[in-house]
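Please look over the sequence and the model below before reading on. The report that follows takes up the strands, the domains and the ligand in turn.

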Amino acid sequence: MRWATHGKPSEANAHPHLDCTGNLALVHNGIIENFSALRNDLLASGHELRSDTDTEVLVHLIEDEISQGLGLAEALSAVLGRVTGAFALAVVHSSDPDLVVAARRVSPLVLGRNGDVSMVASDIPALLGHAKEFFVLDDDQLALVRPGALEVRNLDGSPVPLRPRAVEWDLEAAERSGYPDFMSKEIHEQPQALADTLAGRLAEEGSLRLDEDRLSDEDLRSVDKVFVVACGSSLHAGLVAKHAIEHWARLPVEIDFASEFRYRDPVLDGRTLVVAISQSGETIDTLQAARSAARQRARVLTVTNVVDSSMARESDAVLYTRAGPEIGVAATKTHLTQIVALDVLALYLAQVRGLFYSNELSLLLDGLRSLPSLVEETIERSGEVQATAERCAEAGSFFFIGRHVGYPVALEGALKLKEISYLHAEGYPAGELKHGPIALVQEGSVVVAVATRTPLWEKVASNIAEVSARGARVVVVANEGDTETAALADDVLWVPKAPSPLFAPVLDVVPLQLLAYHLARLRGNDVDRPRNLAKTVTVE
Ligand code: AGP
């Protein structure tokens, strides 16, 4: 069943939707914004609509066009000219069962071919192992898909040449390979994903390279402000990047939820670099935020995991994370690789702005290179995290706190727990707790504090004492061997010390991924497909 946008998840609202004759069937991802007016028109002209969905209007509109003598593709084109909103859809008619007509606007759609077999899907991982060639539709294009034959047209009927996309992912990358679920596989793939993301970017002589950057160093030197836009875990990676860019590159950084950014009046111009972060490169809020920034002449640099995704194709520059396909809905390896990719960007900006002595930069690059093996050590402690999860399993409420770059780690830990364990969790800057939320802390609450040794450790230690005094069970993320921090807590999640405080989130978030994972498993949840969530959110 599709992610519900209109009407409750029920059989009547499930796709495909049929027209009045039962000859047409249509599936749709996205939202038809003007569906209400269209629905009223259809009802007034005698159509019988059986669902509460926005989608159903499409199939009845196509029915009307076909009754006027148009073919399926022409009928669909005519209808799409009348609708507003976002869609990736596929429609069939019983008179020509070998033909599927598919179309997109904003929501992603890919085509695949393997000999006589043609395929349509929302993303590339769905076709891995089936398709040998991959094609991506652009906005307002439609595809006529027949066994072994693909034809792409613009809505006005003009032909579009087919251009296969290079896809390096293989089927193995999209299989569980002996792990109980994709989430644990993807957590364990993090060291390799980090190494791949860094590969080729840190040159031998201690300088940085951004291979996919289509902005010149001159362009980057002219930047006087950075604006980060993203959603969910990608936003949390962006919060880490704000610290890194401000600290190393000495550029002011603003950050906003993509869904908020596009509906306010941000101050941007040709000297603003907008960094849009999205593992999928298709999240509609982030895609539209990037488009609105481009309209205001800002340069847009996308950090994404999906080659040729909509955001990658539309941006001035792209920095790919090389995490491989992520199937679990909860972001893990893509989140970690986003943080290091953004660290690379921050260091690169600093380098082009002439802010580094070479020995300082090479120490930081050595630090980045050491992260994959340090993450590996952290994952090896999964059994200890599981034991902590068992001790916290009865808690009614979780608060995750941290300061500085520990704050986005706390947000990410809370988000992971909410997503897959369905437990109540909040992420807060540790210093903010006393301004209200601490009223909720009591016996039976768990407070997870990111208390690794950064310059703000002492402040975090005081905040831990405050929640301890109110009866909370305290779990700390602490550096190996730090007995002083361990003494403040009921449970300790050990991590190695990061080579720079700004790299700490790459290590500190890992035990929080594992904590959420083990708590969700203890509760018998499906960690890969949590309720109410979609991997890529292509509706606003
Ligand atoms: C993360 O675990 C979530 N599934 C979600 O918050 C996600 O990070 C968000 O929807 C953004 O997705 P994107 O990175 O593909 O844009």
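## An antiparallel sheet

In this predicted model, strand 4 (residues 100–105) and strand 8 (residues 141–146) run antiparallel to one another and are joined over 5 bridges. Within this pair, Val-100 has Val-145 of strand 8 as its bridge partner.

Both strands belong to an open sheet of 7 strands, whose order is 1-2-3-4-8-9-10 and whose pairing is antiparallel. Strand 1 (17–18) and strand 10 (159–160) form the edges of this sheet, and because each has a single partner strand, one side of each is left without a neighbour in the sheet. As a general point, the strands of a sheet pair through backbone hydrogen bonds, in either the parallel or the antiparallel sense.

## A parallel pair and its crossover

Parallel pairing is found between strand 16 (residues 397–402) and strand 17 (residues 424–429), which are linked over 6 bridges. In this pairing, Ile-401 stands opposite Tyr-428 of strand 17. Between the two strands the chain passes through helix 14, and the resulting β-α-β crossover is right-handed.

## Division into domains

The protein is divided into domain 1 (17–160), domain 2 (175–378) and domain 3 (381–522). Between the C-alpha centres of domain 1 and domain 3 the separation is 47 Å.

## Surroundings of the ligand

There are 14 residues around the ligand, and those that come nearest are Ser-234, Ser-278, Ser-280, Thr-283 and Glu-419. Sorted by class, this shell holds 5 nonpolar, 7 polar and 2 charged residues. Domain 2 (175–378) and domain 3 (381–522) each supply at least three residues to the shell.

Which residues place polar atoms at short listed distances from oxygen atoms of the ligand? For Ser-234, an N or O atom of the side chain is 2.6 Å from an oxygen atom of the ligand, and for Ser-280, a polar side-chain atom lies 2.7 Å from a ligand oxygen atom. Ser-233 takes part through its backbone, with a polar atom there 3.0 Å from an oxygen atom of the ligand. On its own the ligand has 420 Å² of accessible area, and the protein covers 91% of this. Helix 7 (232–249) and helix 14 (406–421) are the elements that give two or more residues to the shell, and helix 14 is also the helix through which the chain crosses from strand 16 to strand 17.

Terms used:
Residues numbered from 1 in each chain as written. Predicted model: local features only at pLDDT ≥ 70, side-chain atom pairs only at ≥ 80, totals over all residues. Heavy atoms only, no water. Near = heavy atom within 4 Å. Polar contact = N/O pair within 3.5 Å; in protein donor to acceptor, adjacent residues only side chain to side chain. Areas by Shrake-Rupley, 256 points an atom, 1.4 Å probe, with all protein chains shown as cover. Helix = DSSP H or I, 4+ residues; strand = E, 2+ residues; numbered from the N terminus. Nonpolar A, V, L, I, M, F, W, Y, C, P; charged D, E, K, R; others polar. Domains from an automatic or database assignment. Pairing = 2+ DSSP bridges. Right-handed = clockwise from strand over helix to strand, strands pointing away.
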